[in-house]
Amino acid sequence: MGARIDGKMKAQAVRAAVAEEAAKLTAKGTVPGLAVVIVGSDPASQVYVRNKGKMAREAGFASFTHELVATVSEHELLELVRALNNDPAIHGILVQLPLPDHIDEQRVINTISPAKDVDGFHVQNVGRLVIGERGFVPCTPLGCMMLIKEQQPELAGLHAVVVGRSNIVGKPMASLLLRESCTVTVAHSRTRDLPELCRSADILVAAVGRPRMIGGDWIKPGAIVIDVGINRIETGEGKSRLVGDVDYEKALDVAAAITPVPGGVGPMTIACLLKNTLDAARQLAG
Ligand code: NDP
């Protein structure tokens, strides 16, 4: 029987440390400021944005939310981002994704000042991560890495399999694992014999978005399993619940340790957003 990795508890510890440092920075005259921009009224995005604002305030940050209608033009959104770039009270800018189809997401992200790009999605920060330079690392993979390192501080030589190759999770996760000298395999929808590949993983990160796709018999005994997936499934009588990409109960029997959904990677994402914003505030304050 493996261990349940408690992301909620770890996230609380990260947020407490951030709050402590934020108080010190505030005493020196800089209140860390996070601006979150949301376009449209997608309910899931609104929940995420509310949570981010709440957690930011709890950490002692100044939190600013900009809600724009779904029909806002790309030009207006870019103007807002430029204004936030120039606002000295703002140290971190996050544009909640996805954006409506008429807006070029990457153009918006690349308009955010790289020094305030606390999501780590700007092409400059992506490049820095790949070549091993200091920059902002996307929050979800950063949180995953903290959880992995807590289980296993020395990762060199281990085989890490990342299932999923998105720009926000899979690819940066692979870069981080490579930076730790893992041998990294990135799998995706065209990968052949995925179960066999997963069974060779000392570290398995699932970021697919398919409920319980990864079965217990896909897990190598003793592996560390990080489940990034968040999938809502119907449980009958109009009720639903969240599950990950991994069959948690079955995998728990085989793995050394595994993150649950909810309560695993999710809370770490917001904690790392606050950590990145604190780092941005420190750097911008000199
Ligand atoms: P994307 O949809 O952008 O990427 C999914 C990836 O999974 C793609 O690379 C896709 O391959 C791959 N894939 C799809 N089907 C299969 C399959 N049958 N076998 C192997 N690979 C497959 O998703 P995201 O990366 O944005 O998110 C992944 C999951 O993580 C989602 O459930 C999301 O909700 C969750 N998430 C959770 C966060 C958190 O804070 N905990 C934060 C961000 C995301 P291909 O490229 O070939 O299409």
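The side chain of Gln96 makes a polar contact with the side chain of Lys52, at 2.8 Å. This comes from a predicted model. Gln96 sits in the loop between strand 4 (92-95) and helix 4 (105-111). A search of the whole structure finds 16 salt bridges, and several of them are described below, after the surroundings of Gln96 and the burial of helix 7.

**Gln96 and its surroundings**

- Gln96 has a relative accessibility of 9%, so this residue counts as buried; the cut-off for buried is under 20%.
- Leaving aside residues up to four places away in sequence, Gln96 touches Val37, Ile38, Ser45, Tyr48, Val49 and Lys52.
- Lys52 is therefore on the list of residues that Gln96 touches, and the side chains of Gln96 and Lys52 also form the polar contact of 2.8 Å.

**Helix 7**

- Helix 7 covers residues 170-179, and 7 of its 10 residues are buried, so the helix is largely enclosed by the rest of the structure.
- The buried residues of helix 7 are Gly170, Pro172, Met173, Ala174, Ser175, Leu176 and Leu177.
- The cover over these buried residues includes two helices, helix 5 and helix 6 (139-151).
- Strands also take part in covering them, including strand 5 (159-163), strand 6 (183-187) and strand 7 (203-206).
- After helix 7 comes Ser181, which has a positive phi, near 65°.

**A nonpolar patch on the surface**

- Val126, Val130 and Ile131 form a nonpolar patch on the surface.
- Together these three residues have about 290 Å² of accessible area.
- Val126 belongs to helix 5 (residues 123-131).
- With a relative accessible area of 37%, Val126 is partly exposed.
- Helix 5 also appears among the elements that cover the buried residues of helix 7.

**A salt bridge between distant parts of the chain**

- Arg107 forms a salt bridge with Glu74, and their closest N and O atoms are 2.5 Å apart.
- This pair links distant parts of the chain: Arg107 is in helix 4 and Glu74 is in helix 3 (residues 74-85), 33 residues apart.
- Are the two partners buried or exposed, or in between? Arg107 is partly exposed at 44% relative accessibility, whereas Glu74 is buried at 15%.

**Salt bridges within one helix**

- Glu79 forms a salt bridge with Arg82, with the closest N and O atoms 2.8 Å apart.
- Glu79 and Arg82 are 3 residues apart in helix 3, which means that about one helical turn separates them.
- An α-helix has 3.6 residues a turn, so residues three or four places apart point the same way.
- Both partners are partly exposed: Glu79 has a relative accessibility of 38%, and Arg82 has 37%.
- Arg199 forms a salt bridge with Glu196, with 3.1 Å between the closest N and O atoms.
- Arg199 and Glu196 both lie in helix 8 (residues 194-199), 3 residues apart, or about one turn of the helix.
- Arg199 is partly exposed at 33% relative accessible area, and Glu196 is partly exposed at 44%.

**A network of salt bridges**

- Which residues are linked in a network of salt bridges? They are Glu21, Lys24, Lys275, Asp279 and Arg282.

Methods. Residues numbered from 1 in each chain as written. Predicted model: local features only at pLDDT ≥ 70, side-chain atom pairs only at ≥ 80, totals over all residues. Heavy atoms only, no water. Helix = DSSP H or I, 4+ residues; strand = E, 2+ residues; numbered from the N terminus. Buried < 20%, exposed > 50% of the residue type's maximum accessible area, 1.4 Å probe, protein only. Polar contact = N/O pair within 3.5 Å; in protein donor to acceptor, adjacent residues only side chain to side chain. Contact = heavy atoms within 4.5 Å. Patch = residues over 30% accessible without salt bridge, like charges linked within 9 Å, V, L, I, M, F, W, Y side chains within 5 Å. Areas by Shrake-Rupley, 256 points an atom, 1.4 Å probe, with all protein chains shown as cover. Salt bridge = Lys/Arg side-chain N within 4 Å of Asp/Glu carboxyl O.
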